[in-house]
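This report covers a strand and its neighbours, a cavity, and some backbone details. Please look at the sequence and the structure before reading on.

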Amino acid sequence: MESQYATELQNILLSWDYWHLERLSRDNKGPIDTLPNVPQKFSTVEEYVSTFEKLLLEECSALLLRGQEEGQILVSQQAVGARAESALEGCVACRLTLPLGVSDSFAENDVVLVSQEDPHSLESADELHHALALVEGREAGQSVRVRFNLSPNAQAGNKEGLLRISAMAPLLQQDNSRWWVLKLANTSTVQREWAALHSLKDSPLRDVVLSAPLKSPVLVDKLCVPKPMMTVLNSAYNSSQLEAITAGLQGTSLVLVQGPPGTGKTTTILGLLAIVMHAAPLGAFGRGGTGVTNGSRKDGKADGSVAASTLQDRQRAWLQASPWLRGIPDPRSRSIPPEQANPEACFGMHRAPIPVRIGSAQGPTARILICAPANSALDELVLRIISSGLTDKEGRVFMPNIVRFGLNVHHSVKSVSLETLVEQRLAAGGKEVSKKERARVRMAILEEANIVCSTLAFSGSHAFTRLTKKFDIVIIDEAAQAVEPSTLVPLTTGDAKQVYLVGDPVQLPATVLSQRAVAHGYNTSMFKRLQSAGYPVQMLTEQYRMHPTIRQFPSRMFYEERLLDGDKVATSTARPWHECAAFQPLMFFDVRGKESTPEGSNSLRNEAEAKMALAVYRELVHRYPTLGASAMVAVISPYKAQVNLLKEMFKQALGPDASKLVDINSIDGFQGREKDVVIFSTVRSSKRGSIGFVADLHRMNVGLTRARSALILVGNARALQQDDMWKALIEQTLALRCCYAATEPFVDCLEGVIQGSVLPATKQAVLVSPPAAKASKAAQAEAVEDGKDAFLYSEDEDTLVQPTTVKQSTWAKRQQHQA
């Protein structure tokens, strides 16, 4: 990315007063007084940049304060500073020497707080002698090189800021000055997002990103694919998948593919890769190719016919084919080869000659960049590619030249990581190589690859800007889980004219730290914004994961009844335990438990629900031992405290190998995964009139769509019914006669359900009318004061209660201590 944009953001961040930011956060404010809302469409690039600039800066502020908000233990270190070197415009560079071994924990682009007094000390009253600095690199031994922005221009109109930098500048000029250093956050990702935001003006995709037209503009030639390949793909993919993988053959610049749970999103991406790697301009394969022209067939299969030409068109074509009649040299050496001739197109005279590679150079020509927001999602896709392969132009399976670029690569895909490939190539030479030669080999491997895979953030690294062979196509998986500036990074990295965004906006959105930014739509992905503006979406409609009974509710409530069952799903998801009354495909056990908040935590747990979940699991594996032989069962919950409680209970009951027998995780951590049986503990048992973020539709959708054969819900029906969506789900279980009241001892209760002595619950017994009036303000205040209102402590609650309500910042503690 262009370094001047990154430097611009760095200077803004380094000009901030850290303690002032913390005070603003306590008052639900930030560095930008008024934040804009993200509209569905933008009129100009300037409007777009201005909107996301402010929101990105707000998120940067939350990033720097994250340690305070999450209660992390941030360790400040003592350091000795060498005499600072001043540069233009207030830039001050300094070398800080840290205790032995400490410098290894610092990385380039870390932002640190440098202060004269320990920032964790409650005795300190000095808020003048401090500044934020950027780590530019580590030096030999125990030192790091940092840079400050002490420019008076950055503090224009800020009297306190001018006073602070005036106090800091002379101290940094002293030799052997003493400081405290506190690492706050790494800013590499936000720098790349900032640079991408300002580079959009030069992108070929600029207009479609801004205006979200109802029809995507055509930026590339119409394409076709070899007929043998399409024959194989037609037999392997359903109609909605075929429509998705061929949508780009019309030359549209941006294609949105929505993949609901179990619809084969990853499989569809493999088909898409095969298509885009072997596609060629329309007519390149003559009658041996298929493509999509005006009006693709309703069955999703490509149609490559060319409209019959008129008599005038034919006469004009023959005249153009006989240029010597007009004194023009014979161009027959540039005529279309016979194998490409098509009589319906006047044997190629309606088309310009199409070059065809021959010999050993034949093969895929497109260069593709595949990205995902997180390493886990990216590595899962890479693993599928290298284990399944792709379809070539003859319909056979082949292994593409693929490189996984980036850090923290999973061991399952290490074989195609850039570092592994570099080592293999250098080892073949059998001699020591210089750092420069290693860098050359790295770039050569990237240049040779047909497919390069990277996280969104890493696609903005310097290596991509040095590539001479840019990317023709960008495919972003899990695109609905990325903030818009993050999605821009690969879009502006190269000269790609065609982009595929693949994801599901109905599942979990992007993670945003700032609740102020969330309130203004910053967590809305580009995918979701364009879809909301009316941009066409290719939706995969056939699911192959869930038993039809499990699929019914998500399809009705989240996908407008468009999510259908694939062939033989009912048969493939049928299990022996369905014959047992307690383990039908969809179950709801009404547990009247009590939610609580563990000491030192902001999350929730429910001991009664945890006991019921354990009882269900033990009864399942007792009656069906195959479930206990391997981790075919998952237990999930929205709250980390409940996850921790479940892990503790299962470990006590099953022994130290419990984690190998059952998968216990949060809903957020389980997105993208599936199990035969899923036990879902909802936790909430509040009477206040809200169930917190359990009511979040995205999280609910993820939780309800992880199970293949059995989804067993454990919750308090009277608490959950306060949300209309949960009430509808409980009513469905009542109608299916798979809702039971569960009382302790839960083992006996389950036995009664199985034997038939415990009957399905009735609507009158489970659901009650909510109270006519809410609790008085005095009663609510008393609950808050006593810490009994668990609604305040719901983890990741959306803008309802700020973290500072339940935990004090360092600044607040310091003020209270000194008072």
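Which residue in β19 does Val257 stand opposite? The residue opposite Val257 is Gln538 in β19. The model discussed here is predicted.

**Strand β9 and its partners**

Val257 belongs to strand β9, which spans residues 254-258. Strand β19, made up of residues 537-539, runs parallel to β9 and is joined to it by three bridges. β9 also pairs with strand β18 (residues 498-503), again in the parallel sense, over five bridges. Within that second pairing, Val255 has Tyr500 of β18 as its bridge partner.

In a regular strand, side chains alternate between the two faces of the sheet. In β9, Leu254, Leu256 and Gln258 point one way, while Val255 and Val257 point the other way. Residues on both sides are buried. Because five of the five residues of β9 are buried, the strand is largely enclosed by the rest of the structure.

**A cavity**

Five cavities of 30 Å³ or more turn up in a search of the whole structure. The second largest holds about 50 Å³ of space. Ten residues line this second largest cavity, and those nearest its centre are Trp19, Ser115, Glu117, Ser124 and Asp126. Sorted by class, the lining consists of two nonpolar, five polar and three charged residues.

**Backbone details**

Most residues other than glycine have a negative phi, and most peptide bonds are trans. Two residues other than glycine with a positive phi are set out below.

| Residue | Phi | Loop | Relative accessible area |
|---|---|---|---|
| Asn176 | near 60° | between α5 (159-172) and β7 (177-186) | 55% |
| Glu560 | near 55° | between α19 (548-558) and β21 (564-565) | 67% |

Are these residues buried or exposed? The cut-off for exposed is over 50% relative accessible area. Asn176, at 55%, therefore counts as exposed. Glu560 is likewise exposed, because its relative accessible area is 67%.

Where is a cis peptide bond found? Such a bond joins Glu744 and Pro745, with omega at about -5°. Pro745 is in the loop between β29 (739-742) and α29 (746-755).

**Summary**

In this predicted model, β9 is paired in the parallel sense with β18 and runs parallel to β19. Its five residues are buried, whereas Asn176 is exposed and so is Glu560.

Notes: Residues are numbered from 1 along each chain as its sequence is written. This is a predicted model: local features need pLDDT of at least 70, side-chain atom pairs count only at pLDDT 80 or more; totals for chains, interfaces and linings use all residues. Side-chain values use heavy atoms; hydrogens and water are left out. On a 1 Å grid over the protein atoms alone, a cavity is a set of points where a 1.4 Å probe fits but cannot get out, and a pocket is an open set with protein on both sides within 12 Å along at least five of seven lines; lining residues have an atom within 4 Å of a point. Grid points are joined across faces, edges and corners, and a volume is the space filled by probe spheres set on the points. Ala, Val, Leu, Ile, Met, Phe, Trp, Tyr, Cys and Pro count as nonpolar, Asp, Glu, Lys and Arg as charged, and the others, Gly among them, as polar. Buried means under 20% relative accessible area, exposed over 50%, partly exposed in between (1.4 Å probe, protein chains only). Helices (H or I, at least four residues) and strands (E, at least two) are DSSP runs, numbered from the N terminus. Two strands pair if DSSP finds at least two bridges between them.
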